[in-house]
Amino acid sequence: MKTTLMFSLTIVCLAGVAGCWPEKRVNWSPNGKRAAVIAADGLYLCNPDGQLSSRLAENVRRVAWTPDSLQLIAVRQVAVNTWAEASRFFSAEQGASIASAAELLFTEAMTYDGDWKAFPARSLHDLSPGGSTAALIHLREVHGPQLAGKIGKQWEDLANAELNGWVLEAIAIREQGGPTPTELARSMDEYLSVSVAPDGQALALVQPNGEDGANLLVLALDGSGRGPVVVAQRVSAYPDWSADGRSIVYATTPVRKDNTMVMGSISRRTVRGDDGALLSEMPAAEDLAGIAYMDETRVRCLRDGRIVFASVEVSIPCTSKDLNPRGSLFAIDPERQATVSRLVPRESETALGEYVHLFEVSPDEKHICVPFGSGQISVLTLATGDVWRIPDRPIENDQLRSAPCWRGDNELCFATPPAEGDETKRAQMVLCKLDFEKRQASMRTISKDWDEAKVKEFLSPK
């Protein structure tokens with residue numbers, strides 16, 4: 001995406017790749033005792049009956065549980081509207097570089113005479129989206145009156161924009177008393193996804209990096225203070241840790257072009273030693289399989305060594321008519337075989353939900369759920385390739401409100417479309433018990449008593 005001054009509130013408020021798709025609004029802990037609910041007015045916990053706690057935190061955008069179910073890693077959005085506030089998000093050296101870019105941008109703007117919608121803002125090209133946001137904060141604070149006189153009415157968008165930074169926090173969950181948040185990191189660039197290592201002692205983070213896509217970072221939680229360290233560039237939003245917690249597996253591409261499908265790979269890089277500490281020198285990444293790369297490509301590592309990923313199947317050479325835009329699920333087992341395996345039989349692919357990149361593996365790793373845009377959920381049984389659609393009835397004129405998740409080996413949590421004849425036209429979160437032998441699903445609503453302030457723009461009518 002080209003940087004343009006109109007200050008591209010498409011740039012300054014650059015949406016991450018994860019923001020293009022429904023977020024997971026209800027996240028069950030590994031032990032299934034409680035869920036983290038990302039409501040419109042903040043973060044809550046709920047029990048299996050849907051009873052909500054008091055609010056834990058405001059402006060939380062995504063969360064991840066630690067394996068022991070005792071902590072939440074939360075991404076929280078905070079307002080940043082002054083240079084003093086922005087300076088808390090980067091080092092003095094980074095601040096000097098951003099301020100220098102802002103001064104160059106000011107000179108560039110004051111000597112520009114063309115269409116402001118096409119202003120190239122070359123001075124920002126080497127900055128990340130968050131760095132560009134900070135530069136524009138500096139620009140409007142130091143040179144606001146001059147730029148207002150130069151740009152005129154169009155300056156108002158930038159002058160009045162609410163800009164944000166991002167804080168990564170660990171929230172300890174207590175049986176009694178309130179939560180105890182601990183700040184882990186902060187950045188002007190959004191944390192698009194968070195993945196916790198199997199031992200709970202490290203995080204894999206994805207952040208946007210402007211025209212170059214996104215960066216993969218790793219952060220140690222062992223008290224060593226290591227990280228965040230960039231371990232890969234031009235990666236998709238959804239990496240995963242290997243089962244032993246030493247490596248990160250991710251989708252990447254050597255060339256990224258505005259989220260157009262390009263060639264890429266599923267790659268793996270070792271980032272931690274046998275003792276769990278971050279390596280001071282990390283070996284080069286291994287390319288495990290070639291794929292048709294997209295920014296939303298998701299990877300999940302199973303305990304038996306298989307790596308599951310979503311991709312579009314492409315045979316080259318081909319014409320545009322040969323391409324099947326519908327994605328599917330594949331697996332590689334790099335320690336046992338050198339081939340890619342299809343997980344979904346061709347005759348079952350149309351029964352699989354089209355939001356394949358939002359797939360989730362059950363805790364026992366026997367099943368995978370994939371949502372439809374309608375709000376239905378498809379469940380794939382890995383051993384047989386059978387696909388089961390839930391609920392098994394046509395649903396029209398609705399949309400996916402929340403990415404699904406598992407609560408235990410045979411229970412799913414997802415948002416169902418409004419019931420037929422429901423005058424409120426409000427969707428509901430349900431827990432759905434699955435009997436795989438009888439192929440029966442039993443659903444119960446857990447969000448019926450959640451008030452409108454919490455479900456606004458989530459379960460409320462669209």
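This passage describes the secondary structure, strand pairing, burial and local backbone geometry of one protein chain.

The model is predicted; local features were accepted only at pLDDT of at least 70 and side-chain atom pairs only at pLDDT 80 or more, whereas totals for chains, interfaces and linings use all residues. Residues are numbered from 1 along each chain as its sequence is written, and side-chain values rest on heavy atoms, with hydrogens and water left out.

The protein chain contains six helices and 27 strands, where helices (H or I, at least four residues) and strands (E, at least two) are DSSP runs numbered from the N terminus. Of its 462 residues, 54% count as buried; buried denotes under 20% relative accessible area, exposed over 50%, and partly exposed the range in between (1.4 Å probe, protein chains only). The chain exposes about 21,300 Å², of which carbon and sulfur atoms supply 47%; accessible areas come from the Shrake-Rupley method with a 1.4 Å probe, and for residues only the protein chains shown count as cover. Among contacts (heavy atoms within 4.5 Å) between residues at least 6 apart in sequence, 52% join residues at least 24 apart.

Helix α4 (residues 129-151) departs from a straight course. A straight helix of 23 residues would span 33 Å at 1.5 Å a residue, but α4 spans only 22 Å between its end C-alpha atoms; the expected span is 1.5 Å times one less than the number of residues. A kink of about 90° lies at His 143, shortly before the proline Pro 145, the bend at a residue being the angle between axes fitted to the seven residues ending there and the seven starting there. Just after α4, Gly 152 adopts a positive phi of about 80°.

Strand pairing was assigned where DSSP finds at least two bridges between two strands. In general, strands of a sheet pair through backbone hydrogen bonds, either parallel or antiparallel. One open sheet is formed by four strands in the order β12-β13-β14-β15, with antiparallel pairing. Strands β12 (240-241) and β15 (286-293) stand at the edges, each with a single partner strand, so one side of each lacks a neighbour in the sheet. Two bridges connect β12 with strand β13 (residues 247-252) in the antiparallel sense, and Trp 241 has Ile 248 of β13 as its bridge partner.

Another open sheet of four strands follows the order β20-β21-β22-β23, again with antiparallel pairing. Its edges are occupied by β20 (360-361) and β23 (387-390); each has a single partner strand, so one side of each is left without a neighbour in the sheet. Strand β22 (residues 377-381) is joined to β23 by four bridges, and the two run antiparallel; here Ser 378 stands opposite Arg 389 in β23. A cis peptide bond, with omega of about -15°, joins Ile 390 and Pro 391. Pro 391 itself lies in the loop between β23 and β24 (405-406).

Strand β26 (residues 428-435) is mostly covered, as six of its eight residues are buried. Six antiparallel bridges join β26 to strand β25 (residues 411-416), with Lys 433 in β26 as the bridge partner of Glu 411. Strand β26 also pairs with strand β27 (residues 440-445), in the antiparallel sense and over six bridges; Cys 432 stands opposite Met 443 in β27. The hairpin of β26 and β27 has four residues between the strands, and in it Arg 439 takes a positive phi near 55°.

Gln 207, in strand β9 (residues 202-208), counts as buried at 10% relative accessibility. Its side chain makes a polar contact of 3.0 Å with the side chain of Ser 187. A polar contact is a pair of N or O atoms within 3.5 Å; within protein, one must be able to donate a hydrogen and the other to accept it, and residues adjacent in sequence count only if both atoms are side-chain atoms. Residues up to four places away in sequence aside, Gln 207 touches several residues, including Asp 189, Tyr 191, Leu 192, Asn 215 and Leu 217.

Positive phi values were also found in two further loops. Ser 69, although not a glycine, has a positive phi of about 65°; Ser 69 is located in the loop between β4 (60-65) and β5 (71-79) and is buried at 3% relative accessibility. Arg 234, in the loop between β11 (229-233) and β12, has a positive phi near 55°. With a relative accessible area of 22%, Arg 234 is partly exposed.
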